[in-house]
Amino acid sequence: MRIILSATLFIFTFLNVAYANEVNLFTSRHYDSDVKLYQKFTAKTGIKVNVVSGKAKALEKRLLSEGKSSKADVYITVDAGALGSAKAKGIFQRINSKTLNSKIPANFRTAHWYGVAKRARIIYYNPKLISASEAKSLNYEDLSNPKYKNSVVIRASSNTYNKSLVASLIANNGSGKTGNWAKGIVSNMARDPKGNDRAQIMAVAAGKAKLAVANSYYIALMLSGKKGPEQQAAAQKVKPVFPNQGNRGTHMNISGGGVVKHAPNKANAIKFLEFLLTKEAQQHIVNNTYEYPMISGVKPNNLIGQFGTSFKQDTKTKVSTYYKNQKKALALMKKAGWK
Ligand code: FE
């Protein structure tokens with residue numbers, strides 16, 4: 001009886017492995033366009049993609065509580081800080097993919113998670129209030145200059161994009177200087193932080209502030225009209241500027257992912273990540289999310305590319321340092337009174 005039972009179990013397990021050609025994806029990206037991308041992967045490889053989507057913190061919590069019994073193979077999220085957090089909690093396993101290592105520049109990957117697309121956190125200005133030449137010379141450090149009193153809008157200190165930006169300032173300028181910078185930016189704020197990145201761009205368009213900080217793809221998203229005519233018109237009234245061109249370059253961040261520690265379909269998970277770095281997938285991503293491509297040979301969508309594709313990116317500050325400095329960054333912003 002026992003033999004029959006284990007033989008049945010063996011056959012069942014075997015069939016399960018042989019026929020369940022799938023990959024289970026946990027993702028905090030919630031774009032309809034991503035679904036089409038997964039369909040391309042399935043068409044190419046025959047591997048079915050099962051998607052579980054949710055907010056990064058909720059997915060992280062679920063992955064942790066499921067532990068060894070989790071069916072998750074790949075976890076994808078945005079912001080190197082969020083990826084670093086998942087890594088620190090042991091959610092990812094180390095993989096070794098020559099394809100990923102050769103396609104992704106070293107500062108945008110670790111052994112556990114890999115950048116899939118890039119975004120810059122940049123400054124937007126109202127050309128009626130600030131000249132182009134003044135804007136073009138801006139560094140992040142200038143946002144604390146008293147000459148910009150009542151001029152700056154930026155979202156809350158708890159926002160992960162801000163935590164990563166301030167983390168990179170700590171890495172480059174040290175905690176002391178960055179603490180003073182945070183105090184300076186707080187005293188320059190045109191209003192208490194509120195709203196998302198697009199709300200900051202809207203405020204500058206409306207002349208409520210001269211300068212806003214927001215991610216690069218948001219201006220393109222607004223210009224596309226996908227967020228409605230009001231946001232489209234607002235986006236036409238502001239100009240983006242890539243800070244720190246005269247020194248280390250503009251602060252970069254990523255969307256990315258890794259293979260989950262107990263992935264039941266590890267080989268498919270690696271194939272899936274490698275697919276995301278193909279020319280076909282990169283083109284699909286940049287044309288739908290307006291992020292910058294991770295690989296060379298793919299152009300960003302013109303809605304963002306029109307503002308320049310050859311700006312100097314900060315490639316010296318590893319994005320893996322963001323998570324390490326995020327706690328310090330938040331403490332320092334809170335201490336400065338950054339809401
Ligand atoms: Fe975003």
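Tutor: Let's settle the naming before we start: helices are DSSP runs of H or I with at least four residues, strands are runs of E with at least two, and both are numbered from the N terminus. You are looking at a predicted model, where local features need pLDDT of at least 70 and side-chain atom pairs count only at pLDDT 80 or more, while totals for chains, interfaces and linings use all residues. Residues are numbered from 1 along each chain as its sequence is written, and side-chain values use heavy atoms, with hydrogens and water left out.

Student: Happy with that! Is Gln-282 buried or exposed?

Tutor: Gln-282 sits in helix α13. Here buried means under 20% relative accessible area, exposed means over 50%, and partly exposed is in between (1.4 Å probe, protein chains only). With a relative accessible area of 1%, Gln-282 is therefore buried.

Student: Which residue offers its backbone oxygen to the side chain of Gln-282?

Tutor: Contact means heavy atoms within 4.5 Å. Setting aside neighbours within four places in sequence, the contacts of Gln-282 include Leu-276, Pro-293, Met-294 and Val-298. A polar contact is a pair of N or O atoms within 3.5 Å, one able to donate a hydrogen and the other to accept it within protein, and residues adjacent in sequence count only if both atoms are side-chain atoms. At 2.8 Å from a polar side-chain atom of Gln-282 lies the backbone oxygen of Val-116.

Student: Now the metal. Which residues are the protein donors of the iron ion?

Tutor: Donors are N, O and S atoms within 2.8 Å of the metal (3.2 Å for Na, K and Ca), and sites may look incomplete because water is not among the atoms. In sequence, the donor residues of the iron ion follow the spacing Y-x55-Y-Y. Each donates through its OH, at 2.0 to 2.1 Å from the ion, and they are Tyr-161, Tyr-217 and Tyr-218.

Student: How many residues apart in sequence are the parts tied together by Tyr-161 and Tyr-218?

Tutor: The protein donors of the iron ion include both residues. Tyr-161 belongs to helix α7 and Tyr-218 to helix α10, so the pair ties together parts whose separation in sequence is 57 residues.

Student: And what is the relative accessible area of Tyr-218?

Tutor: Tyr-161 counts as buried, at 10% relative accessibility. Tyr-218 is buried too, with a relative accessible area of 14%.

Student: Which element gives the most to the lining of the largest pocket?

Tutor: On a 1 Å grid over the protein atoms alone, a cavity is a set of points where a 1.4 Å probe fits but cannot get out, a pocket is an open set with protein on both sides within 12 Å along at least five of seven lines, and lining residues have an atom within 4 Å of a point. The largest pocket has a volume of about 1,200 Å³, and its lining counts 39 residues, with Ser-28, Ala-56, Val-78, Thr-160 and Tyr-161 nearest the centre. Elements that each supply at least two lining residues include α2 (32-45), α3 (56-66), α7 (160-173) and α13 (279-289). The most, four residues, comes from α15.

Student: What about enclosed space: which element has the largest share of the lining of the largest cavity?

Tutor: There is one cavity of 30 Å³ or more, with a volume of about 90 Å³, where volume is the space filled by probe spheres set on grid points joined across faces, edges and corners. Among its lining residues are Asp-34, Tyr-38, Val-116, Ser-255 and Leu-276. The elements giving two or more residues to that lining are α2 and β8 (252-259). The largest share, three residues, comes from α2.

Student: Why is α4 largely enclosed by the rest of the structure?

Tutor: Its cover includes α3, β3, α7, β8 and α15. Among the buried residues of α4 are Ala-80, Leu-83 and Ser-85. The helix is largely enclosed because its residues are buried in the proportion of seven of the nine.

Student: Which residue caps the N-terminal end of α4?

Tutor: After α4 comes Gly-90, with a positive phi near 80°. At the N-terminal end, a side-chain oxygen lies 2.6 Å from the backbone nitrogen of Gly-81, and the capping residue is Asp-79.

Student: Last one! Asn-244 has a positive phi although it is not a glycine; what is its value?

Tutor: Most residues other than glycine have a negative phi. Asn-244 lies in the loop between β7 (239-241) and β8, and it is buried, with a relative accessible area of 0%. The phi of Asn-244 is about 60°.
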